[in-house]
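Biologist: I should like a close reading of a single strand, including its neighbours and the directions in which its side chains point. Please then set out how the other secondary-structure elements pack, as far as that can be stated.

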Amino acid sequence: MAESLAPLEWSGDAARGVLRLLDQRRLPHEELWLDFGSPEDVARAIRDMVVRGAPAIGLAAAYGLVLAARRGPAAIVEASRLLAATRPTAVNLAWGLARLGERARVDPSPEGLLEFARALHREDVEGNRRMAALGAARIESGMGVLTHCNAGAIATGGVGTALGVIAEAQRQGKRIHVFVDETRPRLQGARLTAWELSRLGVPHTLICDGMAASLMARGLVQLAVTGADRIAENGDVANKIGTYGVAIAAFHHGIPFHVAAPASTFDLSLADGAGIPIEERDAAEVTDWGGTRICPKETAVFNPAFDVTPAALVRSIFTDRGEISPVDRESVRRVIQR
Ligand code: MRU
């Protein structure tokens, strides 16, 4: 497989280098890379969604701790708390911080932590390639494939999860057409997934989120696949708001709904999805369009960034450790604890 696009990279040595992030707020219009030299700046970048997508924010946070390590071991603990508080739903963030934290107890040097963060980054990309191969086997030539949000290379260390599966199917010569949910309110589908699919040369059609069920009823969709932000022990999946509706519609039409996610997205401490914290974001994401308010100023807004799809609606989960199918507590434990 060709070298994949990545949304983040470390530039320079451990003592003076910076974390470079592709500013995803500017896509698809501009490919702007920004440099970050402190954990506080990395935390702001995660909160403001310069970098987003569960595995990508986990890796950004890990590199953020390399920057903190320059100030000594106590600063690593402090920065870890700050970074953990930026976005609550994607467990990859806590996972990246925990992995670096464990490593720092053995070797808190910026050099040692940079090497370790780079290894996690490489592992993420390699895991995505394995999951792409598993998922692509479920895609047949001629299929219409629906996806929600952006689970592409730029949401991970590279390659992507759900889009990695789609890209691999295309690479294998399968003729597919992707339906891209625009993904209100932040339009990750329209801005990011459509951009990645264009770069990959995968034929695709952008639709409003509310159109997905009707496309399924018309027979245009044969498979749906998304990424995930946190998966509980029983297989309940938290992902971008609107994913649950896609899964219900797919179930109603007998269309398989799959999820692609690495082991770092699983939270086996939660028995089911009820315990997953759901981030609520600024009302302006819903009330405003291009800087202009689109509803009366007194109208109330609810803006949860994620929802939880019950395991019963998920046909299988492609992971870097194998495929989980059926999706239940026993299979989750068997595959993830491998
Ligand atoms: O709010 P975002 O853009 O960070 O949400 C991202 C998603 O919901 C993705 O589907 C998920 O993180 C999987 S990314 C491989």
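**Strand β4 and its surroundings**

Modeller: Thr147 of strand β4 has Val180 of strand β5 as its bridge partner. This pair comes from a predicted model, and it belongs to a parallel pairing in which four bridges link β4, residues 144–147, to β5, residues 177–181. Between β4 and β5 the chain passes through helix α6, residues 162–171, and the resulting β-α-β crossover is right-handed.

Strand β4 also pairs with strand β7, residues 223–226; here the two strands again run parallel, joined by two bridges. In this pairing, Val145 of β4 lies opposite Leu223 of β7.

The residues of β4 alternate in direction: Gly144 and Leu146 point one way, whereas Val145 and Thr147 point the other way. Burial does not follow that division, since Gly144, Val145, Leu146 and Thr147 are all buried, that is, under 20% relative accessible area. Thr147, whose bridge partner in β5 is Val180, and Val145, which faces Leu223 in β7, therefore point the same way from the strand and are both buried under that cut-off.

Elsewhere in the chain, three strands make up an open sheet, ordered β1-β2-β3, with antiparallel pairing. Its edges are β1 (8–11) and β3 (33–36); each has a single partner strand, so one side of each is left without a neighbour in the sheet. From one strand to the next, the twist averages 25°. Strand β2, residues 18–22, is joined to β3 by four bridges, and the two run antiparallel. Within that pairing, Leu22 is placed opposite Trp33 of β3. Helix α2 packs on this sheet and touches β1, β2 and β3, its direction making about 20° with that of β1.

The same helix, α2, residues 54–69, also meets helix α3, residues 73–84: their axes come within 8 Å and cross at roughly 150°. The crossing of α2 past α3 is right-handed. On the α2 side, the contact is made by Ala61, Gly64, Leu65, Ala68 and Ala69, and α3 contributes Ala75, Ile76, Ala79, Ser80 and Leu83. Sorted by class, the residues in this contact are eight nonpolar and two polar, with no charged residues. Helix α2 thus has contacts with the three strands of the open sheet and with α3.

Note on methods:
Residues numbered from 1 in each chain as written. Predicted model: local features only at pLDDT ≥ 70, side-chain atom pairs only at ≥ 80, totals over all residues. Heavy atoms only, no water. Axes fitted to C-alpha atoms, helices over the stretch in contact; angles between N-to-C directions. Left-handed = near helix turned anticlockwise from the far one by under 90°. Contact = heavy atoms within 4.5 Å. Nonpolar A, V, L, I, M, F, W, Y, C, P; charged D, E, K, R; others polar. Buried < 20%, exposed > 50% of the residue type's maximum accessible area, 1.4 Å probe, protein only. Pairing = 2+ DSSP bridges. Right-handed = clockwise from strand over helix to strand, strands pointing away.
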